[in-house]
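Here's a quick tour of one protein model, from a lone residue to a sheet and the helices beside it. Have the structure open as you read.

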Amino acid sequence: MTAGARPTLKDIARRAGVSVSTVSYALNEQSTLPLSGTTKAKIRQIARDIGYVPNGLARSLQAGTSRTIGVLLDKPVTTPRYAAIVQGLVEGLTEQGLHLALLHKGPASQWVAAVRGYQLDGLIFVGHDDHEVPGELAELVAKHSVPFVALDCGAFGEERPYSTVDFDYRAGVELLMAELERRGTRTVYYLRPDLVSRAERIREQAVFSALGQRPEVALRVVSTGITAEHLKRLEENPDQQASYVHELAGRVEQALGTDGADPGHTTLLCSWGADVEAVYRVAQRRDPRYTVAGLAAGTLTTGLWPNLVYSRLPLEGAGRECARLIMGETSTSPVHEHLLLPPVIDAGQSTNSETSAPATAADET
């Protein structure tokens, strides 16, 4: 062994006068190969004397576990939505004594092979929009019984050979509409992107359905100007975000300027939480009595901004549920669970109604 070199199994075998495979068996706690106690003790003492430390992969192979869960996420973790999900995952996995590894894009076979080779204990797939579990990955997971959990893939109500966690976007709209009704809303400006992704379809259908049951509430649909092509450009070049916010503010100004709706009974409803801040600032400039609502949480805190309401997705909670479910998936006889998590209403002070009070978090679907 050269000076400064990391000790290897060969170094131990040379000193002990045995084969490398014998050394491997002696250091493997899971090995069932019969070795004399004297030989095993001698090999282990030499390993300690020369400072041998098995690498992570070797330890994983010996123990049959890496204590690490791979997370497949193709969105930036700097995005608040995914940062919250990952935070929940980290907390949940840590409580289970597990680690998290964010995986880069790669073929499905690569990640399934990593699980089968004990480099990972399981996989969690984070979906979004219409990005769901790829067919090849789903087939390999089922074929090899890979511990697997899928988040936000619209799988609730479907039988799948793995556990799933989804958000109840429809319930979020219904809860928010009930809160706006309680606040005395009579006109709703629905600010929506020109997208047809799964979440947007569900939200829009739920908005139209909820207002269809409330004929006394007028609906005004306002496009935010976001198309699939525009969204792609924003993701590739975040510097264009400022110009989008400026354009959005102009669209809101124009919409409010052409209608004589009473601000005290009017809500600007944003499909995207990211749009809330720009819309809120326009509303405040025009008249502080406007209510601004988001079908997803934005950057503003409801307790600090009057007349602000969110339907907040339980993002961290979803991450924690995924961590809990992946533990169940690693058992010898996993029971696949399929969860549908309802949003909660996050509401600050209302100045539009004398009877209004801060809403409490709703737990029912």
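## A sheet, two helices and a few buried side chains

Let's start with Thr-68: its relative accessibility is 15%, so Thr-68 counts as buried, the cut-off being under 20%. Keep in mind that this is a predicted model. Thr-68 sits in strand β1, which covers residues 68-72. Leaving aside residues up to four places away in sequence, Thr-68 touches His-99, Leu-100 and Ala-101, along with Leu-120, Asp-121 and Gly-122.

Now for the sheet. Six strands make up an open sheet with mixed pairing, in the order β7-β6-β8-β9-β10-β12. Why do β7 (218-223) and β12 (344-347) each have one side without a neighbour in the sheet? They stand at the edges, and each has a single partner strand, so one side is left free of a sheet neighbour. From one strand to the next, the twist averages 20°. Further in, strands β6 (residues 187-192) and β8 (residues 266-270) run parallel and are joined by five bridges. Thr-187 stands opposite Thr-266 of β8.

Two helices go with this sheet. Helix α8 packs on it, touching β8, β9 (291-294), β10 (308-312) and β12, and its direction makes about 160° with that of β10. Helix α9 lies across β6, β7 and β8, and runs at about 170° to β6.

The helices also meet each other. The axes of α8 (residues 169-182) and α9 (residues 198-212) come within 8 Å and cross at roughly 35°, and the crossing is right-handed. On the α8 side, the contact uses Tyr-169, Arg-170, Val-173 and Met-177. On the α9 side, the residues include Ile-202, Gln-205, Val-207 and Leu-211. What's the mix of residue types in this contact? The contact of α8 with α9 has nine nonpolar residues, one polar and three charged.

Last, the cysteines. How many disulfides does the structure hold? The count is zero. Cys-153 is in no disulfide, and the nearest cysteine sulfur to its own is that of Cys-322. The 9.4 Å between the sulfurs of Cys-322 and Cys-153 is too far for a bond, because a disulfide needs the two sulfur atoms within 2.5 Å. Here's the pair side by side:

| Cysteine | Relative accessibility | Class |
|---|---|---|
| Cys-153 | 1% | buried |
| Cys-322 | 0% | buried |

So Cys-153 is buried at 1%, and Cys-322 is buried at 0%.

Technical notes. Residues are numbered from 1 along each chain as its sequence is written. This is a predicted model: local features need pLDDT of at least 70, side-chain atom pairs count only at pLDDT 80 or more; totals for chains, interfaces and linings use all residues. Side-chain values use heavy atoms; hydrogens and water are left out. Axes are lines fitted to C-alpha atoms, for helices over the stretch in contact, and angles run from 0 to 180 degrees between N-to-C directions. Helices (H or I, at least four residues) and strands (E, at least two) are DSSP runs, numbered from the N terminus. A crossing is left-handed if the near helix is turned anticlockwise from the far one by less than a right angle, and right-handed if clockwise. Contact means heavy atoms within 4.5 Å. Ala, Val, Leu, Ile, Met, Phe, Trp, Tyr, Cys and Pro count as nonpolar, Asp, Glu, Lys and Arg as charged, and the others, Gly among them, as polar. Buried means under 20% relative accessible area, exposed over 50%, partly exposed in between (1.4 Å probe, protein chains only). Two strands pair if DSSP finds at least two bridges between them.
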